[in-house]
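Have your viewer open and a selection box ready. We will go from place to place, with a word at each stop on what to select and what is there.

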Amino acid sequence: MKFDEHALEMSIMGMFEDEDYIHVQGNKIHREKSDVLLADDLRLYLSERYALEGITRNEFESVLLKLRAISGTVYEVNKAAFRLISDGFILNRDDRTQKDFFIELIDFSIPENNIFKIVNQVEISGYERRIPDGIVYVNGLPIVVLEFKSASKENTTILDAYEQLTIRYKRDIPELFKYNAFVVISDGVNNKYGSLFAPYDFFYAWRKTSDDTPEMDGISSLFTMVKGLFRKDRLLSVVKNYVYFPDNAEHELKVVCRYPQFFAAEKLFANIKEHIRPNGDGKGGTYFGATGCGKSFTMLFLTRLLMKSAYLKSPTIVIITDRTDLDTQLSEQFVSSKNYIGDNAIISIDSREQLASELRGRTSGGVYLTTIQKFSEDIKQLTDRTNVICISDEAHRSQTNLAPKGTTDSEGYHKKYGFAKFLRDSLPNATYVGFTGTPVDATIEVFGAVVDSYTMTESVKDGITVNLVYDGRAAKVTLDSDKLLEIENYYAKCELEGANEHQIEESQKAVAKLDVIIGDPDRLRAVAADFIEHYETRVNEGSTVVGKAMFVCSNRYIAFELYKFIIQMRPDWVSEKIKMVMTRNKDDKKDLYELLGKKEYRKKLDKQFKETDSNFKIAIVVDMWLTGFDVPCLDTIYIDKPIQQHALIQTISRVNRVYEGKEKGLIVDYIGIKNNMNKALAKYTNFKSGEFEGVEQSIIIVKDQIDVLSQMLHGFDSTDFFNGSPKEQLNCLNRAVEYVQLSDDLELRFMAAVKRMKKAFDLCAASPEISEDEREHIHFYLAVRSILFKLTKGNAPDISQMNARVRDMIAEAIQADGVEELFETGKHIDIDIFSDEYMAKIARIPLPNTKIKILQQLLSQAIDEFRKVNKIKGVEFAERLKKVVEDYNNRRKDEAYANEVLDDVADQLAKLLAELKSEKSSFVGMGIDFEEKAFYDILKAVAEKFDFKYPHDKLLILSREVKKIVDDKAQYTDWSQREDVKAELKVALILVLAQYGYPPVPKDEIFKEIFEQAENFRKYAE
């Protein structure tokens, strides 16, 4: 028995039943198909929950009417309805002599008081009839929608489920998502959830059933999701507190917590209640979250919990950072979250005096965002209240220095305190919570024990960050082995964190001595030359996603010297490609001073470096941009600076952000930080292996895959590619593409093996361990895969990942086949592919599998273009193409698949292309235009479907009238999201159909087809 989508669906239904959900088949529910609510469940819940208040039947209906009356775009109605669900609302009584009371649509405090149902295959009618695989209802509200795909089908993935939910269902049955908290996509092995408005990359697994259980992957993650996320009390907690809409957003932003954020916020909240003054010690706890794991949203979730807590009775919250840019980021996020947090007094503080003014006379509430630097020793206590909670970001840096540091000068001995001491003097009875990516002992002493942690290793497993790979090149550029030993000794001497004054003094001397070694001109020249070779090789081989790199130097003067060596070797880089990023110093020499620029210039560089298509590719830094600076496309960091412990973790984390096409981040080490890095990883993560992954592992994978590929192609003679003339090389490539298509299995295995090889090669492309012969074979396999990818997908990302010679060869190979236009124009075909001359080009292609792939791709693109103007006919041609392709794939499995059969398939595709050409011009001579013909086809198809006769001449007139109505109603940019405009369109269509005697068929069918066609016109108008 096959484990298909239905089997998966029923197994998940069983899991929900185990969690005490009521399972109901969709066809057993009594409701109108257009109604997404289970109204009877909501009435039953309200009658029982508010029996003591004497809630009436009319008041039930008032609640339902309030929910159903919300209008706007899908995002707007979801935001408005969800606020009613999570925060409740006041119900105005029918009897005005009675006192209004507060309604909660869900009883969040007692889960058992709610009605939990899991319903599968419930039919919903909207603009289209759709049947979601599963819906979780709480008190009749469709809180979660689930969509399943079979894991046993290689050509369907959870990405298909994602697109089904976020494109088709969102478009066709938008009312279902009015009350939606999140959606789930699953094939049994891969199980993820996320916001309906989030990109696919922001869907994640819920990998733990509780905070103290291990993370699970694969099929086990299905169990952890149902038992963890959908445990009744857990689901209600997420719905109430962990679904975030900003007050105002430029984009449709909705954030649903990830499981580490949920557990962290819950545990911190419980710990704060336990330690809050006056009965506690004021140590609210430390949260250790890996860089890039979303700590700012965890702070936001925690703030809502604190502010909504009946136990804490609306505390005052002060959020503290140690850098202005971090303060700005958090302030922008929090100030636009007043509705979510539940307090209107959310203020970014400009000065100590402003904070004093805000706190003066306030007894509760308020959220204030400020920097630690605003606390200084000349200002006294701000408030002695105990219901103040301070949340410190990057708590390991500047907020742990409570003890004084002694200094001596000509006037004697002095004690000097830091910002943290002044903060606690200002707010002596506050409770302090610390967020950090690298907890040091001093952090724990000040804020309390680590309450929860989420490490780099876990973050990589969850797909929130990418793994890091180490490439050590110190020995290559440090010319004197004794000097290299001195560097190693420095690390041995200064590796301890929290050193005493004598150790610090020794460390400072060591650094000064070390800078002399690092800054040696001969060494810097060698570093510059190696960096250029390494960087250019990676760019030329397409091993970096957009060519962004960061180079970390020991100090500003060494950085400047390195910069000068680099631009001396590559003068064309000086205008845009490479920049130094650091603050000016009044003592800087004139050329350095002018190079660095003012604050506004650095802001401009910040913006440019984050733009993927900007020409600013290489940033030379010392301290700036090493923390709190996120550039997802940055995939390589070069380090030539002695960095220790938590600072090192922060630095290497610059390249761990997720970005499309980025498999791992690369750390290139010019100074010998490997041992220190492994120690830091052991201390600040749950890193289990003895050493960080080295580039050597990638080299092994590349060599292994080259061997695997040579075995796959053992029957193919590739000599001409390596030794032949350019024309012979081209012919060899085309023959290799045909050879790989001998069977479906060979094609799939070849494509997968080249992909694995390329991923590894991206990390070791500059390694001398890859021989020239191996590089030639890599380029050959990549070239074959790239052409084949274009034949099947229409565009080839691998083309941009090859060196210039092979890239040109690919272009020539495609041109030699006479179909270069197809690949140059991609989805938008600007040439006449239907001309006899162009068809003759295709007919001349001697390789049958290649010809079929080209015809298939041509037809797919041509049909896509055609359906933009005529959807109903476009769908018809797409179905016909699908049938021919399925026939080709099925017959291809037969070992006796002869060229005559291949020629037959090619002829069918060519015939279909000719028929499409004829259909495109069929409106000529009918007295209507191309777009009016689309409505003609709709009206004709519906007439045929319902088996009634309608005269051709009347169809022509009616199609023109329908087009006029659509043009009139669709003039508004947002017409397809506006219920009022859509209602007007529907009424106008009904009237015109009646006027011209179009027979009485289901009007919704006509409206649906015309509405979708109208959307097509609008969408592709430009």
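Start by selecting residues 549–553 and 618–621: these are strands β23 and β25, which run parallel and are joined by four bridges. Helices (H or I, at least four residues) and strands (E, at least two) are DSSP runs, numbered from the N terminus, and two strands pair if DSSP finds at least two bridges between them. Within this pair, look at Val 552, which stands opposite Val 621 in β25.

A note on the model before we go on: it is predicted, so local features need pLDDT of at least 70 and side-chain atom pairs count only at pLDDT 80 or more, while totals for chains, interfaces and linings use all residues. Residues are numbered from 1 along each chain as its sequence is written, and side-chain values use heavy atoms, with hydrogens and water left out.

**The parallel sheet**

Now widen the view to the whole sheet. Six strands make up this open sheet, with parallel pairing, in the order β22-β27-β26-β23-β25-β24. Why do β22 (467–472) and β24 (578–581) each have one side without a neighbour in the sheet? They stand at the edges, each with a single partner strand, so one side of each is left free of a neighbour there. On average, neighbouring strands here are turned by 20 degrees against each other, direction ignored. Axes are lines fitted to C-alpha atoms, for helices over the stretch in contact, and angles run from 0 to 180 degrees between N-to-C directions.

Add residues 521–540 to the selection. This is helix α19, which packs on the sheet and touches β22, β23, β25, β26 (636–640) and β27 (664–669); contact means heavy atoms within 4.5 Å. The direction of α19 makes about 170 degrees with that of β26.

**The mixed sheet**

Next, pick out the open sheet of six strands in the order β1-β4-β7-β8-β9-β10, where the pairing is mixed. Its edges are β1 and β10 (191–194), each with a single partner strand, so one side of each has no neighbour in the sheet. Here too, the average turn between neighbouring strands is 20 degrees, direction ignored.

Zoom in on residues 182–186, strand β9, which pairs with β10 in the antiparallel sense over four bridges. Val 184 is the residue that stands opposite Tyr 193 in β10. Then show residues 220–229: helix α6 lies across β9 and β10, running at about 40 degrees to β10.

**Two nonpolar cores**

Switch to side chains. A nonpolar core is a set of buried Ala, Val, Leu, Ile, Met, Phe, Trp, Tyr and Cys residues joined through side-chain atoms within 4.5 Å. Buried means under 20% relative accessible area, exposed over 50%, and partly exposed in between (1.4 Å probe, protein chains only).

Which residues have the most contacts inside the largest nonpolar core? Select Phe 182, Trp 206, Phe 230, Leu 235, Val 238, Phe 334 and Ile 391, in a core of 124 residues. Helix α8 (residues 259–275) gives the largest share of this core, eight residues. Centre on Phe 334 and you will find that residues it touches include Met 299, Leu 300, Ile 341 and Leu 369, not counting residues up to four places away in sequence. Another core lies apart from it, with 106 residues, among them Ile 558, Phe 560, Tyr 638 and Ile 643.

**Single residues worth a click**

- Arg 277 and Pro 278 are joined by a cis peptide bond, with omega about 10 degrees; Pro 278 lies in the loop between α8 and β13 (283–289).
- Asp 20 has phi near 70 degrees, a positive value in a residue other than glycine. It sits in the loop between α1 (5–18) and β1 (22–25) and is exposed, at 54% relative accessible area.
- Gln 121, also not a glycine, has a positive phi near 55 degrees. Its loop runs between β4 (116–120) and β5 (124–125), and at 32% relative accessibility Gln 121 counts as partly exposed.
- Ala 7 lies in helix α1 and is buried, with a relative accessible area of 15%. The C-alpha atoms of Ala 7 and Ser 150 are separated by 8.8 Å, with the two positions 143 residues apart along the chain.

**Zooming out**

Finally, show the protein chain as a whole: it has 39 helices and 27 strands. Buried residues make up 55% of its 1022 residues.
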